[in-house]
Amino acid sequence: MALPRHSRIDAALDYLSPVALPVGQLVRVPLGRRVVMGVAWDGGAAEPAEPADPGLPDDLAHPSRPSRLAGPVAAGEVGEVAELKPVAEVLEALPPLDAGWCELVRFAAGYYQRSLGELALTVLPPELRDVDGVQLQRRLKRLAKRSAAPSTAGEVPGAATLPPLSEDQQAVLAALAASAPATHLLHGVTGSGKTEVYLRAAQAELVAGRQVLVLVPEINLTPQLEARFAQRFPAHRLVSLHSGLTPAQRLQHWLAAHLGQAQLVLGTRMAVFASLPRLGLIVVDEEHDPSYKQQEGARYSARDLAVWRGRQANVPVLLGSATPSLETWLNATPAPDGPGRYQRLAMPRRIGGGALPAVRLLDLQRVVDMHGSRVMREHPLAPELLVALRERVARGEQSFVLLNRRGYAPVLHCTHCGWKSGCPHCSAWRVFHKVDRSLRCHHCGFSERVPRACPVCGDPDIQPLGRGTERLEEQLAEQLPGARIGRIDADTTRSKGSLESQLAAVHAGEVDVLVGTQMVAKGHDFRRMTLVAAVNADSALFSSDFRAPERLFALLLQAAGRAGRDAAHAARSEMWIQTWHPDHPLYQALQAQDYEAFAASQLAERRVASLPPFSCLALLRAEARSQEAALGFLHEAARAAEALGAVQAGVQIYPPVPAALQRVANVERAQMLLEAPLRPPLQRLLAAWVPRLHEGNRGEHRVLRWAVDVDPQAI
Ligand code: ADP
Ligand code: ZN
Ligand code: ZN
């Protein structure tokens with residue numbers, strides 16, 4: 001039984017089972033004073049001394065031998081197991097998790113350096129931990145009632161009732177149908193009809209009685225995709241899996257998938273671990289999106305695991321994007337000596353033949369030369385852009401102004417002494433929110449009312465510096481009198497259902513100019529939008545994050561894709577970018593809408609710098625009360641890695657450094673980067689090293705927390 005003990009890497013525990021337990025069987029076992037859920041793991045393999053009963057299949061545990069189980073329990077609850085205890089209950093009402101699922105979890109645990117038990121804890125529905133056999137029976141009865149509808153090969157719409165496919169869609173679907181199961185990159189511009197490709201590909205699997213898994217990056221994109229799938233396949237059961245469900249819902253949905261009652265499973269990254277006994281296809285929409293990487297606990301990449309799962313189950317994987325991640329793009333690029341690892345399928349044209357919005361780079365230096373230097377200091381938008389917005393308002397069209405920073409102003413300052421609104425607990429500024437006149441730290445949550453006067457010198461003149469969406473909304477309202485300004489960001493959408501209602505208002509034409517963060521830039525099919533403007537994109541150009549250009553390019557192209565989706569307006573649709581650097585290669589590639597050129601230049605830079613995808617990284621992060629302790633732990637860890645032959649194996653260890661955000665909630669953070677040209681040597685080192693780190697975290701170098709992040713997003 002593998003249990004999530006954070007202090008040890010291998011937390012498998014043995015229990016005695018009165019009956020043969022198939023691998024993947026859910027059971028309940030005593031642990032300390034509690035009874036918790038467990039998963040039967042590799043049975044007799046734990047006891048090689050005793051020969052397996054020849055009459056039993058390999059994957060069955062011998063009744064008289066201990067069974068190894070993986071079971072989620074909370075950390076720190078594990079007592080010493082002096083003698084083998086019997087399994088308390090076998091949840092026989094549930095079929096065992098299949099071999100494919102067990103392999104996936106085993107692989108993920110190994111690759112991301114977590115224990116089996118911790119991974120199981122992360123990926124099984126939390127509610128499952130507490131149900132006993134009786135409660136489970138009750139739930140299953142309820143499920144059975146709901147799935148009285150046909151459970152396999154339900155009706156699907158005939159070709160006649162569906163819109164004819166575009167040429168690009170036809171070509172892509174033909175290529176998919178002709179291909180052996182493989183990983184495909186569906187590289188389609190925004191509005192090229194990728195969703196229709198997903199629907200048709202799914203249809204083929206549903207007809208054959210198989211299950212389809214669809215991953216989306218963000219919870220707020222699930223309802224619209226869910227609606228489209230549900231509408232297309234009314235006779236099939238669709239369930240969603242994401243963190244917005246209640247624990248009870250999540251368990252019901254999980255069970256429906258596990259029992260094969262749900263044919264369509266749609267969800268965020270956690271859904272990659274759904275139990276799908278008849279899996280036939282995996283779709284990963286917007287595969288480049290950073291949300292696919294889990295940022296705490298087991299830091300897995302759902303996109304990468306989807307590819308692994310597809311290959312292992314021998315089912316096709318469809319990775320869709322207008323701006324693929326550079327990793328995926330390289331994988332889908334034919335090598336000099338053969339095809340790429342992924343098959344590339346292209347849809348370069350929009351449905352209806354509409355043009356992509358023209359990209360206009362508005363040179364702020366020229367704006368200042370023409371209108372004087374005050375113009376950009378006092379107003380967020382150049383006069384030219386305001387004119388363009390007014391035209392849209394007059395024509396009854398919509399505009400979207402993208403500013404990727406919420407709040408009123410990122411920092412307040414004192415004009416007299418220069419005091420700034422820092423967070424006392426973090427190495428970060430507190431953001432000014434005007435609605436409730438608060439200064440809020442977006443990292444630790446610390447919030448206070450804005451002081452009446454400067455806390456240092458007492459001067460009453462404290463002013464906002466810079467601009468967030470809240471201030472932009474206010475300034476636009478002043479400059480566009482009569483226009484209906486709306487705003488959508490994390491602050492306006494906190495309550496349940498508010499995002500849906502605000503989006504509905506935009507769709508209904510109740511908003512002329514929408515101000516919003518990246519949250520609005522993704523996926524939404526706004527029909528009346530003809531202008532998208534990015535007003536502070538430059539800030540990401542010179543970021544220290546090596547993925548920042550890739551992210552910015554994807555965000556801007558995706559935002560541009562919100563405009564001109566209705567072919568009737570496409571010709572006059574525009575994306576405006578206010579910039580001090582119109583000649584920057586990123587903007588030039590964007591203006592040419594040339595993803596391939598951008599990818600080629602980025603890949604060339606990454607190759608020179610030996611950054612991913614030309615190297616493999618792992619980041620060891622440590623958090624401690626003092627920076628010295630955090631760095632001390634990392635130095636110790638570096639010595640341990642060297643002792644294990646890291647350097648000889650080709651794994652480079654970089655010196656420990658304070659994290660970019662050095663202090664959060666009074667905890668000091670530091671990190672150390674490991675880099676290798678290939679995965680296997682890095683993986684081998686990590687496998688030997690991580691157990692040492694568990695043992696080594698004591699004494700003077702003891703840290704509060706540490707974690708290995710394999711394939712980190714940012715370094
Ligand atoms: P993408 O995901 O590639 O940005 P969508 O899947 O949202 O594009 O499709 C863009 C629009 O085109 C949607 O409104 C969709 O309903 C429509 N569409 C897709 N395929 C077709 C088709 N074959 N015929 C007509 N309209 C289509
Ligand atoms: Zn002051
Ligand atoms: Zn803080």
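**Exercise 1.** In which loop is the place of alanine 665? Determine also which residues alanine 665 contacts in this predicted model.

*Solution.* Begin with the secondary structure: alanine 665 sits in the loop that runs between β27 (657-664) and β28 (667-676). Next, consider its accessibility. The relative accessible area of alanine 665 is 40%, and partly exposed covers the range between 20% and 50%, so alanine 665 is partly exposed. Then turn to its surroundings. Once neighbours within four places in sequence are set aside, alanine 665 touches His425, Cys426 and Cys444. Finally, take histidine 425: its C-alpha lies 4.7 Å from that of alanine 665, although 240 residues separate the two in sequence.

**Exercise 2.** Establish which residues coordinate the zinc ion (ligand 3) and what geometry they form.

*Solution.* First, list the donors: Cys423, Cys426, Cys441 and Cys444 each supply an SG atom, at 2.2 to 2.4 Å. Second, examine the angles. The four donor atoms subtend 104 to 113° around the zinc ion (ligand 3); a tetrahedral site requires all angles to lie between 85 and 135 degrees, and the arrangement is therefore tetrahedral. Third, read the spacing along the sequence, which is C-x2-C-x14-C-x2-C. Cysteine 426 belongs to the loop between β16 (411-414) and β17 (431-433), and cysteine 444 to the loop between β18 (438-440) and β19 (447-449), so this pair ties together parts 18 residues apart in sequence. Last, compare accessibility: cysteine 426 counts as buried at 2%, whereas cysteine 444 counts as partly exposed at 29%.

**Exercise 3.** Carry out the corresponding analysis for the zinc ion (ligand 2).

*Solution.* The protein donors are the SG atoms of Cys414, Cys417, Cys454 and Cys457, lying 2.3 Å from the zinc ion (ligand 2). Their angles of 104 to 113° make the arrangement tetrahedral. Along the chain, the donors follow the pattern C-x2-C-x36-C-x2-C. As for accessibility, cysteine 454 is buried, with a value of 4%, while cysteine 457 is partly exposed, with a value of 35%.

**Exercise 4.** Describe how helix α5 packs against helix α6.

*Solution.* Two quantities are needed, because packed helices are described by the angle and the distance between their axes. For α5 (residues 194-207) and α6 (residues 222-232), the axes come within 11 Å and cross at roughly 40°. That angle makes α5 oblique to α6. The handedness of the crossing is right-handed. To complete the picture, identify the contacts: Thr195, Glu196, Tyr198, Leu199, Arg200 and Ala202 of α5 meet Leu225, Arg228, Phe229 and Arg232 of α6.

Notes: Residues numbered from 1 in each chain as written. Chains lettered and ligands numbered in written order. Predicted model: local features only at pLDDT ≥ 70, side-chain atom pairs only at ≥ 80, totals over all residues. Heavy atoms only, no water. Donors = N, O, S within 2.8 Å, 3.2 Å for Na, K, Ca; no water. Tetrahedral: all angles 85-135°; square planar, octahedral: opposite > 155°, others 65-115°. Buried < 20%, exposed > 50% of the residue type's maximum accessible area, 1.4 Å probe, protein only. Axes fitted to C-alpha atoms, helices over the stretch in contact; angles between N-to-C directions. Helix = DSSP H or I, 4+ residues; strand = E, 2+ residues; numbered from the N terminus. Parallel < 35°, antiparallel > 145°, perpendicular 65-115°, else oblique. Left-handed = near helix turned anticlockwise from the far one by under 90°. Contact = heavy atoms within 4.5 Å.
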